[in-house]
Amino acid sequence: MIPYKSEPLTDFSNEANRQAYLEALKKVESELGQDYPLIIGGERITTEQKITSYNPSNTSEIVGNVSKATQELAEKAMQIADSTFNSWKRVDPRIRAEVLFKAAAIVRRRKFELCAWLTKEAGKPWPQADGDIAEGIDFLEYYGRQMLELAEGKPLAENPGQINKYSYIPLGVGVVISPWNFPFAIMLGTTVAAAVTGNTVLLKPASTTPVIAYKFMEIMEEAGLPAGVVNYIPGSGAEVGDYLVDHPRTRFISFTGSRDVGLRINQRASVLNEGQIWIKRVIAEMGGKDTIVVDDDSDLELAAEAIVTSAFGFSGQKCSACSRAVIVGDHAYETVLNRVVELTNELVVGDPTNVETFIGPVNDAGAFKKITEYIEIGKGEGRLVAGGQSDDSKGYFIHPTVFADVDPQARIMQEEIFGPVLALTKATNFDEAIDIANNTVYGLTGAVISNNRFNLEKAREDFHVGNLYLNRGCTAATVGYQPFGGFNMSGTDSKAGGPDYLTLHMQAKSVSETL
Ligand SMILES: NC(=O)c1ccc[n+]([C@@H]2O[C@H](COP(=O)([O-])OP(=O)(O)OC[C@H]3O[C@@H](n4cnc5c(N)ncnc54)[C@H](O)[C@@H]3O)[C@@H](O)[C@H]2O)c1
Ligand SMILES: N[C@@H](CCC=O)C(=O)O
C-alpha cells in the first residue's frame, strides 16, 4: 500500500488543463436539466414531487430535477439500510476499503467533469471546484487506509493465561446530512467514513446541490459498493430530516451544517423514542466566526494576502472563512487595511465558468438576502471601505465587502454571515487581540501572522479554536495533514480527515478468553 499523500491541485496555467475544464463544462451543459431518481436499495425511485437544482449564476438554468423523498420513502430506505447492515457489517474491512480506493480512481479520472458540475450547481470558481474534488479523493484514500489500520484492532497489555482482544465494530444505520458549500467533499467524506466502517447510510444531501451527490452515488456503484449500503434520499430537512433523526432504528447522525440545525438535531436525537435500545450518537460539525490576528511585528503583505484569500475564497461561504481580522497597533492596522482594500478591489466577480473569476455567486435567494441584510447592518456598525454592491437580476452576485473600525461586539463581528463580508478591528496589544479572537460562541478556525515567537506560542496555548494556523490563512485544511473540526458552538470537534474520525462511527469490543 502506497502511503497516503494528498491529491495535487490542478495547475490552471497549463493550457491542456484549461481546455479540459472547458470541454467538461460543454459536456455538463449538454446534460443540464435531466431528472434524477432516489436510490434506495439500488432501486431507482421517481417521485412526482421534485427538488429543482438551479445554477446560482444564472437562475434561469436548471441543473437538474431530483426526486424528493417523503416520510414513507424515508421509512423504506431505513428498512433497507437496517437489513443491509446485517450483511455489510460482515464484509471484510479490507474489501470495504478497496471500494473506496476504486472510487478514488474513478473520481480522479472524472475530475474535470465533476468540477464542471460544481461550477454549475454550486457556483464554484475553477480552483475552488478543483479543491473540493481533490478533497473528496483525499477522503477516499485516507479513510480507506485508516480502515485497514483499524481492522487490526489495538494491542492490549498481556496477561498470562488470557487472550485479550480489542476490536472495533460498526454501529448500525447512520443518517448523513450534508451542506451545500462542500457538496462533493463533505457529502462524500461523511458518507464514506460511515460506510467503510461497516455501517449503512441514509444520505440526505443539501437541497441546492443534490445533483453532484447523485454523481457520487453512481461512482460508488461503479466502484462496487453493494446496493443498500448507501441510500440516496434528498428531501426536506424539516420533513425527512426530522423523521430520520427521530427514528428509533437510527444509530447515529453525522451532520454538517449550521449551528441552529445542528443544535436541533442534537436535542431531538437525545429523546428516547419507542422501540429504541441505544443512545444515538451525534457528530455535528457546525458554523464558525473565524479570525485572523495580525501582530505588529509580522509580514504585513502576507497578512493582507492571507486575510483576503481566507475571507473571499468561494465568496466566504466556508465555515473556516476569515470573517474578522484583528490587527495590533496603528501602523500595522493602517497598512493591512489599505492593502486588504487594494487586493479586494482586484478580485474578479462574475460567472464562475470563466477561469478568471474569483468571486462567483452566493448559494441561493436565501443566502443573498441574508448577506445583503448583514451588509446593511455593517454600514451602521463600521466604515464601508470596499464592496457593498450586489445584483440578483440573473444570479446571486455580491461583491467582496470590507468594513473597517468595527467594534468587537458588533453583530458583524459576532454572527456567522457566511458570505463575502469581512470586518476589521484594531487591538492595542497581542493579548487583547487574542481575547477579541476568542470572544464569540464559536471556535472553529483561526490564524496568527507574527514574527514574535512568544506571541506565536501564546496563540498556540490560548487561541481556542479546533484549527489554528500560524503564518498562513485560516481556510483550506488538508485531509490527513490538518484534521478539521471546531470547539464550542462549532460542533463536536470530530476532526474530519484525522486519525480519530473513523472510530466515531464504531464501538470498541473487548473480548477476553481464559486459557
Ligand atoms: N464545521 C464544518 O465542518 C462545516 C463545514 C461546512 C459547512 N458548515 C456550516 O454549514 C452551514 C452552511 O451550510 P447549510 O446552509 O447547508 O446548513 P444548514 O444547516 O441549513 O443545512 C445543512 C443540512 O441540514 C439539512 N437540514 C435542514 N433542516 C434540517 C432538520 N430539521 N433536520 C435534519 N436536517 C436538516 C439541510 O437540508 C442540509 O442538508 C454554515 O453554518 C457553515 O459554517 C460547517
Ligand atoms: N475544511 C474546509 C472548510 C469546510 C467548511 O466549510 C477548510 O478548511 O477550509
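This text goes through a predicted model, from the annotated region to helix α9 and then to the two ligands.

The UniProt record, an unreviewed entry, annotates residues 48-511 as "domain: Aldehyde dehydrogenase". Over residues 48-511 the chain is 40% helix and 22% strand, and the C-alpha atoms at the two ends are 51 Å apart.

Helix α9 spans residues 259-269, and its buried residues are G262, I265 and A269. Viewed down the axis of α9, these buried residues fall within an arc of 65 degrees, so they line one face of the helix. The face turned away from that buried side carries D260 and Q267, which are exposed. On the buried side, the packing partners are helix α8 (237-246) and the strands β10 (250-256) and β11 (281-285).

Helices α8 and α9 also take part in the surroundings of ligand 1, each supplying at least two residues of its shell. The largest share, five residues, comes from α8. In total 32 residues surround ligand 1, and the closest are G237, G241, G257, S258 and C319. By class, the shell has 14 nonpolar, 13 polar and five charged residues. Where does ligand 1 lie relative to domain 1 and domain 2? Domain 1 (38-286 + 493-514) and domain 2 (291-470) both contribute residues to its shell, so ligand 1 lies between them.

Ligand 2 is surrounded by N181, F182, K318, C319, S320, T475, A476, A477 and F484. Five residues of this shell are nonpolar, three are polar and one is charged. C319 appears in the surroundings of both ligands: it is listed around ligand 2 and is one of the closest residues to ligand 1.

Definitions and conventions. Residues are numbered from 1 along each chain as its sequence is written. Chains are lettered from A and ligands numbered from 1 in the order in which they are written. This is a predicted model: local features need pLDDT of at least 70, side-chain atom pairs count only at pLDDT 80 or more; totals for chains, interfaces and linings use all residues. A residue is buried if 20 or more other C-beta atoms lie within 10 Å of its own, exposed if 12 or fewer, and partly exposed in between; C-beta atoms are placed from the backbone. Helices (H or I, at least four residues) and strands (E, at least two) are DSSP runs, numbered from the N terminus. The arc is that of the directions from the helix axis to the C-beta atoms. Two residues are in contact if their C-beta atoms, placed from the backbone, lie within 7 Å. UniProt positions are given in the numbering used here, feature names are shortened, and annotations may be inferred rather than shown by experiment. A residue is near a molecule or strand if its C-beta atom, placed from the backbone, lies within 6 Å of it. Ala, Val, Leu, Ile, Met, Phe, Trp, Tyr, Cys and Pro count as nonpolar, Asp, Glu, Lys and Arg as charged, and the others, Gly among them, as polar. Domain bounds come from an automatic or database domain assignment.
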